[in-house]
Amino acid sequence: MEPQLTALLAEARAAAPALASRPEFEAFKARYSGPKGAFTAVMKTVGALPPAERPIAGKLINQFKQHFEALYADTIARLETAELTAQLGPAIDPTLPAPSPTGLLHPLTQARREVCALFRKVGFTLADGPELETEWFNFDALNTPADHPARNEQDTFYLPDSTPVGNVSRHANERFLLRSHTSTVQIRTLLREKPPLRVLAPGRTFRRDNVDATHSANFHQVEGLCVDRRVTVVDLKAAVDYLVRGLFGPGAQTRLRPSFFPFTEPSFELDFSSPDLGRLSNKWLELGGCGLVDPEVFKACNLNPDEWTGYAFGFGLERIAMVRAGIDDIRHFFQNDLRFLRQFA
Ligand code: PHE
């Protein structure tokens, strides 16, 4: 009996490596251990042996049974591994370039988030307003006289009177336009919230500029508004110093240059300079307008100008991003050239 079993096992061991699927394995197993299997057949002969020989034969059978079981277990493990490998697909070659580049934030988004993060630390909240505005919010409430040049059709995008506009609240029966600055959000905030308040309003703005390296018909500003009792130019100066140092390095300085805006008094242009700006280091660069909120603005928003004071600023986000990254042409921001955008990863 032993030579017979040895031969059977040897045959099975030789055949097992060629098995390539579970059905093949099941057929193979049946050929030896199934009801009509060769090993089963040998096993059945034990009963026919004389009682004295049975224990030895039984032991032998058990031994070979274990060998077969081990062979089945090894084979099924090999097949399972092969199945898994097939499911996982071809092996990964880590030296290949990534098939799809990971996304990254647009440089303007990065600049906006940085400005917001800085002001959030000192108690400002975010405010928002529509890009499609009305004359009252963009000009009248901001104390801009009817004959002010900014109102000119050459400077501001007006919508035709027939444009159906459903969701922008109108103060009176005025024209719709694309907001020319984010100062509209000063008004929307003052009408909605009670001072004291500190808000930051980043957003898109529009002007009828001819597009060139430093002008774009749509661009972004970040508006700041702080209203409280006894706010002075010192508070404004502290806020812009804090911003400029956060953005352009601890050595950055600011300069308030007298200017005019209808909605601030006094009004300034803010210049800054920093030793950490590469080829722009230590040059005075303009960032935008600012000033103390004009009493007329408070009146337009039903606030008492004897009680409330405030400062406001409106800075160009493109300007911030351009200075920080040494970009010399504003058009790069809007052309979606991946060779440009990928540098901001
Ligand atoms: N809105 C002004 C502009 O677009 C900037 C500004 C904002 C000035 C707030 C003063 C106060 O030029």
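These legends walk you through close-up views of a predicted model, from its ligand to its two largest pockets.

**View 1. The ligand and its polar partners.** Let's begin with the side chains that reach the ligand through polar atoms. His 181 places a side-chain N or O atom 3.0 Å from a nitrogen atom of the ligand, and Ser 183 does likewise at 2.9 Å. On an oxygen atom of the ligand, the partner is a polar side-chain atom of Arg 207, 2.9 Å away. The protein buries 91% of the 320 Å² that the ligand exposes when taken alone.

**View 2. The shell around the ligand.** In this view, 14 residues surround the ligand, with Gln 221 and Gly 314 among the closest. Strands S5 (218-228), S8 (285-293) and S9 (309-316) each give at least two residues to this shell, and S9 has the largest share with three. Sorted by class, the shell holds seven polar, five nonpolar and two charged residues.

**View 3. The largest pocket.** Here is where the ligand sits, in a pocket holding about 1,200 Å³ of space. Its lining counts 47 residues, and those nearest the centre include Phe 219, Glu 286 and Gly 288. S8 supplies the largest share of the lining, seven residues. The lining comprises 19 nonpolar, 18 polar and 10 charged residues.

**View 4. The second largest pocket.** This pocket has a volume of about 180 Å³. Among its 14 lining residues, Arg 198, Cys 226, Asp 235, Ala 239 and Tyr 311 lie nearest the centre. S5 and helix H8 (233-248) each give two or more residues, with the largest share, four, coming from H8. Nine lining residues are nonpolar and five are charged, with no polar ones.

Note on methods:
Residues numbered from 1 in each chain as written. Predicted model: local features only at pLDDT ≥ 70, side-chain atom pairs only at ≥ 80, totals over all residues. Heavy atoms only, no water. Near = heavy atom within 4 Å. Polar contact = N/O pair within 3.5 Å; in protein donor to acceptor, adjacent residues only side chain to side chain. Areas by Shrake-Rupley, 256 points an atom, 1.4 Å probe, with all protein chains shown as cover. 1 Å grid on protein atoms, 1.4 Å probe; cavity = no way out; pocket = protein on both sides within 12 Å on 5 of 7 lines; lining within 4 Å. Sits in = over half its atoms within 2 Å of the grid points. Nonpolar A, V, L, I, M, F, W, Y, C, P; charged D, E, K, R; others polar. Points joined across faces, edges and corners; volume = space filled by probe spheres on them.
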